[in-house]
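Q: Please take a close look at the charged and polar side chains of the model shown here, and at how they pair. I would like one connected account that also places them against their surroundings.

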Amino acid sequence: SNSNCTQSLSILLDPSLFYSINRLRLYSIKMLASKVGVSASVGRVVADKPHPTTFKAQASPPFRSSVLGRSNRLSGGGLSTLVYSTPDGCSQGRRATFVSAAANPIDRPGVKKEVGVSLSDPSELVASVHDLPPLPIATIAAPVQDDMVQMKENLRNVVGERHPTLLAAADQIFGAGGKRIRPMLVFLIARATQQLAGSSEMVDKQRRLAEITEMIHTASLVHDDVLDECNVRRGASTINSTYGTRTAVLAGDFLFAQSSWYLANLDNLEVIKLISQVIADFANGEIQQMSSLFDCDVTLDQYIEKSFFKTASLIAASCRSAAVFSGMDEDVKQDMYDYGKHLGLAFQIVDDILDFTQSEEQLGKPQGQDLASGNLTCPIIFAMEKDPALRDIIEEEFQEAESLSTALEIVKSSGGLDEAMDLAKLEGQRALDALHRLPEGECKKSLEGMVGYVLERLH
């Protein structure tokens with residue numbers, strides 16, 4: 001602190017550090033800081049027991065696999081944010097790094113991890129999710145708008161020029177009302193990291209990477225619509241409902257195949273491995289979801305892992321890959337991976353909340369469709385902890401009349417949605433923290449704004 005007064009500080013700790021009896025709680029420590037030092041006291045409890053008031057903590061596995069999971073894709077320490085609260089209501093973030101040993105295979109019984117907290121230099125500031133101004137998506141996309149327009153035209157030509165019979169389907173696929181957040185992030189990170197490298201322009205491989213990212217994402221949506229027999233997406237008819245299942249499957253297959261060819265021609269083994277793993281993750285996520293329908297013993301760990309596979313994996317891998325082509329060092333590449341991972345997890349958690357809070361017209365599907373189909377998401381898991389009656393209803397697979405509407409009401413009234421939103425904000429904050437090495441500029445502001453956009457979709 002540069003002032004003579006004592007300021008109130010708070011740290012929101014990484015929830016992976018505290019896990020007990022399949023119950024995860026966000027854990028915060030309130031601190032008082034002055035020129036002469038810092039003291040700490042407990043702000044919340046874990047599993048109904050206060051944690052010792054110290055800057056070191058121990059937690060026994062199972063750890064959250066999205067944080068300390070298999071291989072280097074999911075392992076390592078996390079970042080959290082120190083938020084200053086001043087009498088005039090202003091606040092700013094300061095980075096706090098949680099240092100942990102590299103994780104070996106997850107869920108090793110009997111092993112404890114020691115986690116230390118290291119505070120950054122006071123001059124190193126990061127944004128806080130509580131202070132992000134709401135930005136429309138057009139404002140966020142503004143620094144890369146020309147790049148986005150060119151990418152859209154290139155994608156349409158990829159399908160139409162090779163296979164004219166698929167041209168109409170291509171118009172529908174790439175003309176649908178999506179925000180194209182994934183390639184937008186690739187362009188923003190490419191330009192921000194090029195700025196960090198002292199350059200003002202992207203390289204062609206970064207442009208191709210954005211196209212690959214959107215092709216893979218679109219192919220997965222086309223196939224998802226076939227599996228789910230979905231007739232409407234983004235307010236428009238799906239490919240399978242308009243042209244039939246055969247055309248939809250072929251269109252998805254073609255996009256996966258073409259993206260793989262483009263990927264191979266990037267001639268970068270690190271990026272090839274990253275993006276190839278994403279396609280395997282898609283399949284893992286779908287299989288994991290299918291095999292756990294109506295399983296009330298599903299844990300938050302398993303939900304986070306499935307959400308990583310289905311949503312965050314592609315965003316994380318493409319963000320890191322964009323940094324690879326800017327020639328960044330390992331620290332920056334890992335930061336960009338972490339940004340994409342945590343943004344993707346926040347996005348999925350918010351999506352799962354919206355399934356309970358938006359109307360059928362807004363969703364393009366009946367409210368509570370995840371619950372009705374037995375896909376137990378984050379709000380449902382939290383709600384089952386608070387009201388055991390929900391578990392009984394789900395296990396009976398809504399055989400009784402009005403049981404689905406009763407279950408929906410329990411999720412809404414139990415506090416499950418609030419706990420899910422807390423978790424989404426935590427993931428959003430961790431995404432913001434990962435941007436601390438990027439230079440100030442409009443691209444970094446847009447990357448920060450994307451976190452706000454993802455979280456503000458609830459409003």
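A: A network of salt bridges links Asp147, Arg191, Glu201 and Arg207 in this structure, which is a predicted model. Over the whole structure, 17 salt bridges are found. As a general point, side chains of opposite charge can pair when their charged atoms come close.

Helix H9, which covers residues 269-291, is a useful place to follow such pairs. Glu270 meets Lys333 in a salt bridge between their side chains, with an N to O distance of 3.2 Å; Glu270 belongs to helix H9 and Lys333 to helix H11 (residues 330-357), so that this pair, 63 residues apart, links distant parts of the chain. The two partners can be described by their accessibility: Glu270 is partly exposed, because its relative accessible area is 27%, whereas Lys333 is buried, because its value is 11%, and the limit for a buried residue is under 20%.

A salt bridge also joins the side chains of Glu286 and Lys310, with an N to O distance of 2.7 Å. Here Glu286 sits in helix H9 and Lys310 in helix H10, and although they are 24 residues apart, the pair again links distant parts of the chain. Glu286 counts as partly exposed at 22% relative accessibility, and Lys310, with a relative accessible area of 24%, is partly exposed as well.

Within helix H9 there is also Asp281, whose relative accessible area of 0% means that it is buried. The side chain of Asp281 makes a polar contact of 2.6 Å with the side chain of Ser313.

The salt bridge between Glu395 and Arg391, whose closest N and O atoms are 3.2 Å apart, is found within one helix. Because these two residues are four places apart in helix H15 (residues 388-395), about one helical turn separates them. Glu395, at 44% relative accessibility, counts as partly exposed, and so does Arg391, at 27%.

Polar pairing without a salt bridge can be followed at Asn154, which is found in helix H3 (residues 145-162) and is partly exposed, with a relative accessible area of 24%. A polar contact of 2.9 Å joins the side chain of Asn154 to that of Gln150. In space, the C-alpha atoms of Asn154 and Glu211 are 8.0 Å apart, although the two residues are 57 residues apart in sequence.

The nonpolar surroundings complete the picture. The largest nonpolar core has 105 residues, and those with the most contacts inside it are Tyr339, Ile394 and Met450. Helix H10 (residues 300-324) supplies the largest share of this core, 14 residues. Leaving aside residues up to four places away in sequence, Met450 touches Ile137, Ile140, Ile181, Met184, Leu185, Tyr339 and Leu343. In soluble globular proteins, nonpolar side chains tend to be buried together.

As for cysteines, Cys296 counts as buried at 7% relative accessibility and Cys319 counts as buried at 0%, while a search of the whole structure finds zero disulfides.

Notes. Residues are numbered from 1 along each chain as its sequence is written. This is a predicted model: local features need pLDDT of at least 70, side-chain atom pairs count only at pLDDT 80 or more; totals for chains, interfaces and linings use all residues. Side-chain values use heavy atoms; hydrogens and water are left out. Buried means under 20% relative accessible area, exposed over 50%, partly exposed in between (1.4 Å probe, protein chains only). A polar contact is a pair of N or O atoms within 3.5 Å; within protein, one must be able to donate a hydrogen and the other to accept it, and residues adjacent in sequence count only if both atoms are side-chain atoms. A disulfide is a pair of cysteine sulfur atoms within 2.5 Å. A nonpolar core is a set of buried Ala, Val, Leu, Ile, Met, Phe, Trp, Tyr and Cys residues joined through side-chain atoms within 4.5 Å. Contact means heavy atoms within 4.5 Å. A salt bridge is a side-chain nitrogen of Lys or Arg within 4 Å of a carboxyl oxygen of Asp or Glu.
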